[in-house]
Amino acid sequence: MLVTVYVKAGDPYSDMLKNLLKYYEIEHEIVEVSRNEEKLKIIRELSGQYNTPVLKVDEKVFVGFDREKIKEILGIKTE
């Protein structure tokens, strides 16, 4: 599973997603898009918008922070 997270500095939802991935020990790559036009174009192409965080898991793309939906996408099972 290839996990990439596109974030902006100072975005609390980006921080929440990074913390969730760290908590569940999900290996991932962080791409900081703040003040970087090329990287902003990438998230626009992936999601159709400029909002962060953008979570890309293999070919699935999810925008925003919805803990349960993200856990579902990542296959995290909790009791």
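1. Tyrosine 50 is found in the loop that lies between α2 (37-47) and β3. The model is a predicted one, and the remarks below should be read accordingly. With a relative accessible area of 43%, tyrosine 50 counts as partly exposed. Setting aside residues up to four places away in sequence, tyrosine 50 touches Lys8, Leu40, Ile43 and Arg44. Its C-alpha atom is separated by 27 Å from that of glutamate 25, a residue 25 places away along the chain.

2. The two ends of α2 may be described together. At the N-terminal end, asparagine 36 acts as the cap, with a side-chain oxygen 3.2 Å from the backbone nitrogen of glutamate 38. Glycine 48 follows the helix, and its phi is positive, near 80°.

3. Strand β1 (residues 3-7) deserves separate comment. Five of its five residues are buried. In a regular strand, side chains alternate between the two faces of the sheet. Here both faces of β1 are covered: Val3, Val5 and Val7 are buried on one side, and Thr4 and Tyr6 are buried on the other.

4. What are the pairing partners of β1? Strand β3 (residues 54-57) is joined to β1 by four bridges, and the two run antiparallel. Strand β2 (residues 29-32) pairs with β1 in the parallel sense, also over four bridges. Valine 5 illustrates both pairings: its bridge partner in β3 is leucine 55, and in β2 it stands opposite isoleucine 30. Together with helix α1 (residues 12-23), β1 and β2 make a β-α-β unit, which is right-handed.

5. Threonine 4 lies in β1. Is this residue buried or exposed? Its relative accessible area is 8%, under the 20% limit, and threonine 4 is therefore buried. Leaving aside neighbours within four places in sequence, its contacts are Glu29, Val31, Val54, Leu55 and Lys56.

6. The nonpolar interior should be described as more than one core. In soluble globular proteins, nonpolar side chains tend to be buried together. The largest nonpolar core in this model has 15 residues, and those with the most contacts inside it are Val3, Val5, Leu17, Leu21, Leu55, Ile70 and Leu74. At least two residues of this core come from each of β1, α1, β3 and α3 (67-74). Leucine 17 may serve as an example: not counting residues up to four places away in sequence, it touches Val5, Pro53, Leu55, Phe65 and Ile70. A second core, separate from the one just described, has six residues, among them Tyr6, Val31, Val33 and Ile43. Ile43 is also one of the residues touched by tyrosine 50.

7. Aromatic pairing calls for a brief remark. How many aromatic pairs does a search of the whole structure find? The search finds one. The pair consists of tyrosine 23 and tyrosine 24, whose ring centres are 4.9 Å apart; their planes meet at 85°, so the arrangement is edge-to-face. As to accessibility, tyrosine 23 counts as exposed at 63%, whereas tyrosine 24, at 27%, counts as partly exposed.

How values were computed: Residues are numbered from 1 along each chain as its sequence is written. This is a predicted model: local features need pLDDT of at least 70, side-chain atom pairs count only at pLDDT 80 or more; totals for chains, interfaces and linings use all residues. Side-chain values use heavy atoms; hydrogens and water are left out. Buried means under 20% relative accessible area, exposed over 50%, partly exposed in between (1.4 Å probe, protein chains only). Two strands pair if DSSP finds at least two bridges between them. A crossover is right-handed if, with the strands pointing away from the viewer, the path from the first strand over the helix to the second runs clockwise. Rings of Phe, Tyr and Trp (its six-membered ring) pair if their centres lie within 6.5 Å; planes under 30 degrees apart count as stacked, over 60 as edge-to-face and the rest as tilted. A nonpolar core is a set of buried Ala, Val, Leu, Ile, Met, Phe, Trp, Tyr and Cys residues joined through side-chain atoms within 4.5 Å. Contact means heavy atoms within 4.5 Å. A polar contact is a pair of N or O atoms within 3.5 Å; within protein, one must be able to donate a hydrogen and the other to accept it, and residues adjacent in sequence count only if both atoms are side-chain atoms.
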